[in-house]
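Grab a coffee and work through these short exercises with the model open beside you. Try each task before reading its solution.

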Amino acid sequence: SRGINAEYGETSVAVAVESFINEIVAGTWVEQYCMLVSDARHEIDLHVFSQPVNVPTELTIRSKEATPAEYALRSSGYAKSVIEVISETFPDVNIKDWYTPFVGVSNRQVLGLVAQLLVALYLQKLVNTVPPTKEGDEEELDSIKRT
């Protein structure tokens, strides 16, 4: 995350989100979101993860089958994403919210909970680690505490 701040400046706060799938036990695949915040000015780097959401086994099997044996990244992923498999196999499913038809909860709900957690942890860290340094900072911190 220091690379993010090098690109955007030491006073920037960067937030990023990425999803990934993971085989937690043999034959059981889940997707999770990782969301992070990097605040170089206050030396805060936080990562939070969503609740794992089961990925239908047939989707991961299709993704694996579509990946050539010589695929360089095969040990850590497949050439075709689950989203690509869904869009090819179920063209009527909105790939921006594939959770709803497959698991009954929306991507938006899962991301919303992760975002709430990240904000709460960030504010807690900010309030507990940043002493007021100039006039006005104390009022700003009091405002954050009330949120």
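**Exercise 1.** How many aromatic pairs does the structure hold?

*Solution.* This is a predicted model, and it holds 6 aromatic pairs. The next two exercises pick out a couple of them.

**Exercise 2.** Work out the geometry of the F20 and F49 rings, then place the two residues.

*Solution.* Start with the rings: their centres sit 6.2 Å apart and their planes are at 85°. Planes over 60 degrees apart count as edge-to-face, so that is what this pair is. Next, find the residues: F20 is in strand β1 (residues 13–25) and F49 in strand β3 (residues 44–49), so the pair ties together parts 29 residues apart in sequence. Finally, check accessibility: F20 is partly exposed at 30% relative accessible area, and F49 is partly exposed at 46%.

**Exercise 3.** Are W98 and Y99 buried or exposed, and how do their rings meet?

*Solution.* Buried means under 20% relative accessible area. W98 comes in at 1%, so it is buried; Y99, at 0%, is buried too. Their ring centres are 4.7 Å apart with planes at 80°, so this pair is edge-to-face. Both residues belong to one aromatic cluster with Y33, F90 and F102.

**Exercise 4.** Describe how helices α2 and α3 pack.

*Solution.* First, the geometry: α2 (residues 57–65) and α3 (residues 82–89) pack at about 105°, with axes 9 Å apart. Angles of 65 to 115 degrees count as roughly perpendicular, so that label fits α2 and α3. Then the contacts: L59, T60, R62 and S63 in α2 meet V82, V85, I86 and T89 in α3. Sorted by type, the contact residues are 4 nonpolar, 3 polar and 1 charged.

Conventions
Residues are numbered from 1 along each chain as its sequence is written. This is a predicted model: local features need pLDDT of at least 70, side-chain atom pairs count only at pLDDT 80 or more; totals for chains, interfaces and linings use all residues. Side-chain values use heavy atoms; hydrogens and water are left out. Axes are lines fitted to C-alpha atoms, for helices over the stretch in contact, and angles run from 0 to 180 degrees between N-to-C directions. Helices (H or I, at least four residues) and strands (E, at least two) are DSSP runs, numbered from the N terminus. Angles under 35 degrees count as roughly parallel, over 145 as roughly antiparallel, 65 to 115 as roughly perpendicular and the rest as oblique. Contact means heavy atoms within 4.5 Å. Ala, Val, Leu, Ile, Met, Phe, Trp, Tyr, Cys and Pro count as nonpolar, Asp, Glu, Lys and Arg as charged, and the others, Gly among them, as polar. Rings of Phe, Tyr and Trp (its six-membered ring) pair if their centres lie within 6.5 Å; planes under 30 degrees apart count as stacked, over 60 as edge-to-face and the rest as tilted. Buried means under 20% relative accessible area, exposed over 50%, partly exposed in between (1.4 Å probe, protein chains only).
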